[in-house]
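Q: Here is a structure with its sequence. Let us ask how each label is earned.

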Amino acid sequence: MFFRVCALRLRTSTGCTCISSSGGFQQILSSLHTTTTITEMSSKVAVVTGGNKGIGKAIVQALCKDFQGDVYLTARDEGRGKEAVASLSAEGLKAIFHQLDINDVGSIRKAADFFKQKYGGVDVLVNNAAIAFKVNDTAPFATQADVTLRTNYFATRDMLTHFLPLIKAGGRVVNVSSSSGVRSLHKCSEELQKRFRSEDISEDELTTLMTRFVELAKNGQHKEGGWPETAYGVSKIGVTTLSMIHARRLSKERPDDQILVNACCPGWVRTDMAGPKATKSPAEGAETPVFLALLPAGASAPHGKFVSDKAVQAW
Ligand SMILES: NC(=O)c1ccc[n+]([C@@H]2O[C@H](COP(=O)([O-])OP(=O)(O)OC[C@H]3O[C@@H](n4cnc5c(N)ncnc54)[C@H](OP(=O)(O)O)[C@@H]3O)[C@@H](O)[C@H]2O)c1
């Protein structure tokens with residue numbers, strides 16, 4: 001509101017003084033610049049991580065069609081990201097590239113500063129980027145646990161640490177998790193299940209639990225500790241639980257802002273991660289994340305849920 005009022009005043013003053021005043025040209029330039037900044041500040045913006053291929057690219061593609069605002073395809077590799085933007089452009093869709101490696105906190109900070117300065121925040125954030133070892137990968141379980149948790153849980157958490165404060169009123173945050181997190185939750189000890197489902201688990205407690213899993217895996221003791229034999233599954237327990245924690249926190253700290261945070265599963269999707277036998281196309285896999293990203297203004301649910309096939313699932 002404040003910016004709009006300024007813009008009107010600047011335009012009026014330019015109209016009145018630009019010809020006669022010696023400083024008029026300068027004034028026009030500065031007024032134009034201010035107007036551009038104001039326009040960008042008031043336009044909406046969506047940001048997708050890991051947007052260069054697979055489900056992430058399909059999410060960007062769908063948002064380009066249905067989101068009223070700028071859509072950023074982010075990727076850790078500039079070449080792969082720009083190639084994806086070019087291929088969408090060939091379909092007549094406009095996505096904008098920004099480098100973002102979620103494993104690099106410097107890269108996260110740079111991107112967060114960029115969106116804060118250019119748009120005054122972010123309207124839609126889709127945390128899609130993740131990794132998975134292939135089933136037949138021979139890397140020791142300890143390595144798989146360390147590497148998988150580092151990206152899927154710890155880096156996603158870093159993203160949220162820096163981007164959640166930027167989410168504008170009415171914003172939507174979608175964390176792409178997986179139903180394998182639900183299956184893995186059922187395989188945890190009763191004690192762990194209780195903590196992951198509790199309403200009072202904090203981000204610190206969750207992070208301590210995720211760290212403990214990696215430590216136990218290093219010593220081959222994760223099973224005794226009540227954890228399942230799946231690094232990917234545990235990482236997605238973390239992503240889903242973290243989404244629920246953030247949703248509760250936002251409801252408490254910003255009750256009037258109507259921000260909705262959810263975790264979801266895209267289904268089994270034909271991508272480099274899941275392989276060609278999966279049942280859904282990337283576009284079909286993008287449906288639930290995009291549904292959550294575009295929940296209409298004024299909606300109050302779902303919030304803090306795990307969603308699959310556009311429906312809230314038991315956790
Ligand atoms: N496919 C499925 O059946 C399925 C099922 C359940 C859940 N999911 C979830 O859906 C999401 C997308 O999976 P997908 O199947 O599309 O996988 P994918 O084809 O392997 O794509 C993963 C994307 O994440 C990016 N990425 C990985 N590490 C990154 C990092 N540090 N910084 C930024 N980007 C990074 C990859 O970039 P590079 O190209 O640079 O590696 C790629 O763009 C993931 O969260 C996955 O866990 C998938």
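Q: How do you know that the span of H3 agrees with its 13 residues?
A: This is a predicted model, and the test uses its C-alpha atoms. The expected span is 1.5 Å times one less than the number of residues. For the 13 residues of H3, that gives 18 Å. The end C-alpha atoms are 19 Å apart, so the two values agree.

Q: What makes H3 largely enclosed by the rest of the structure?
A: A residue counts as buried if 20 or more other C-beta atoms lie within 10 Å of its own. Eleven of the 13 residues of H3 pass, so the helix is largely enclosed. Among them are Gly 54, Ile 55, Lys 57, Gln 61 and Cys 64. For the chain, buried residues make up 40% of 315.

Q: Which residues are closest to the ligand, and how many surround it?
A: The ligand has 31 residues around it. Gly 50, Gly 54, Ala 130, Thr 271 and Ala 274 are the closest. Helix H3 (54-66) and helix H6 (141-163) each give two or more residues to this shell. The largest share, three residues, comes from H3.

Q: How many residues of the shell around the ligand are nonpolar, polar and charged?
A: The shell has 15 nonpolar residues, ten polar and six charged. Gly counts as polar here.

Q: Why is one side of S3 and of S8 left without a neighbour in the sheet?
A: Eight strands form an open sheet, in the order S3-S2-S1-S4-S5-S6-S7-S8. Strand S3 (96-99) and strand S8 (311-313) stand at its edges. Each has a single partner strand, so one side has no neighbour. From one strand to the next, the twist averages 30°.

Q: How do you know that S2 and S3 pair?
A: Two strands pair if there are at least two bridges between them. Strand S2 (residues 70-75) and S3 have four, so they pass, and they pair in the parallel sense. One bridge can be named: Tyr 72 has Ile 96 of S3 as its partner. The pairing across the sheet is mixed. Strands of a sheet pair through backbone hydrogen bonds, either parallel or antiparallel.

Q: Which strands does helix H10 lie across?
A: Helix H10 (residues 231-253) lies across strand S5 (167-176), strand S6 (260-265) and strand S7 (306-308). Its angle to S6 is about 165°. Angles run from 0 to 180 degrees between N-to-C directions, so H10 and S6 point in nearly opposite directions.

Note on methods. Residues are numbered from 1 along each chain as its sequence is written. This is a predicted model: local features need pLDDT of at least 70, side-chain atom pairs count only at pLDDT 80 or more; totals for chains, interfaces and linings use all residues. A residue is near a molecule or strand if its C-beta atom, placed from the backbone, lies within 6 Å of it. A residue is buried if 20 or more other C-beta atoms lie within 10 Å of its own, exposed if 12 or fewer, and partly exposed in between; C-beta atoms are placed from the backbone. Two residues are in contact if their C-beta atoms, placed from the backbone, lie within 7 Å.
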